[in-house]
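Reader: I'm new to protein structures and would love a close look at one small part. Could you walk me through it slowly?

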Amino acid sequence: MSEVKKKTSTPKKKKLKGDEVVIFSQRNIYFPEIGKISTGFNIVSKQNSEVYLTHKSVRQATAEELAQHYGR
């Protein structure tokens, strides 16, 4: 018998563009004007983040909590 080795994929690091921020949402939210965000961390434009942050279950994510969540 031969062994089959499976490749384990590691998530790629994504660099944020100058006009993007990371927000954290406690629930799925849809805004008709700009779209939806899912529960957890979301990368959005600065312009859209201003609208999302008006909702009580959305807050801006810190670099420390991102590192802790993704094990860095």
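Author: Let's begin with Glu 20, which is buried in this predicted model. Its relative accessible area is 18%, and since buried means under 20%, Glu 20 falls on the buried side of that cut-off. You can find Glu 20 in strand 1, a stretch covering residues 20–25. Leaving aside residues up to four places away in sequence, Glu 20 touches Ile 43, Val 44, Ser 45 and Lys 46.

Now stay with strand 1 and look for its ring at Phe 24. The model has 3 aromatic pairs by the rule used here. In one of them, the ring centres of Phe 24 and Phe 41 are 5.1 Å apart and the ring planes stand at 65 degrees. Planes over 60 degrees apart count as edge-to-face, so that is the name for this pair. Phe 24 belongs to strand 1 and Phe 41 to strand 4 (residues 40–45), so the pair ties together parts that are 17 residues apart in sequence.

Another pair joins Phe 31 and Tyr 52, with ring centres 5.3 Å apart and planes at 75 degrees, so this pair is edge-to-face as well. Here the partners sit in strand 2 (residues 29–31) for Phe 31 and helix 1 (residues 46–52) for Tyr 52, so the pair ties together parts that are 21 residues apart in sequence. Both Phe 31 and Tyr 52 are buried.

Finally, go back to Phe 24 and Phe 41: together with Tyr 70, they form one aromatic cluster.

Key
Residues numbered from 1 in each chain as written. Predicted model: local features only at pLDDT ≥ 70, side-chain atom pairs only at ≥ 80, totals over all residues. Heavy atoms only, no water. Helix = DSSP H or I, 4+ residues; strand = E, 2+ residues; numbered from the N terminus. Buried < 20%, exposed > 50% of the residue type's maximum accessible area, 1.4 Å probe, protein only. Contact = heavy atoms within 4.5 Å. Phe/Tyr/Trp six-rings, centres within 6.5 Å; stacked < 30°, edge-to-face > 60°.
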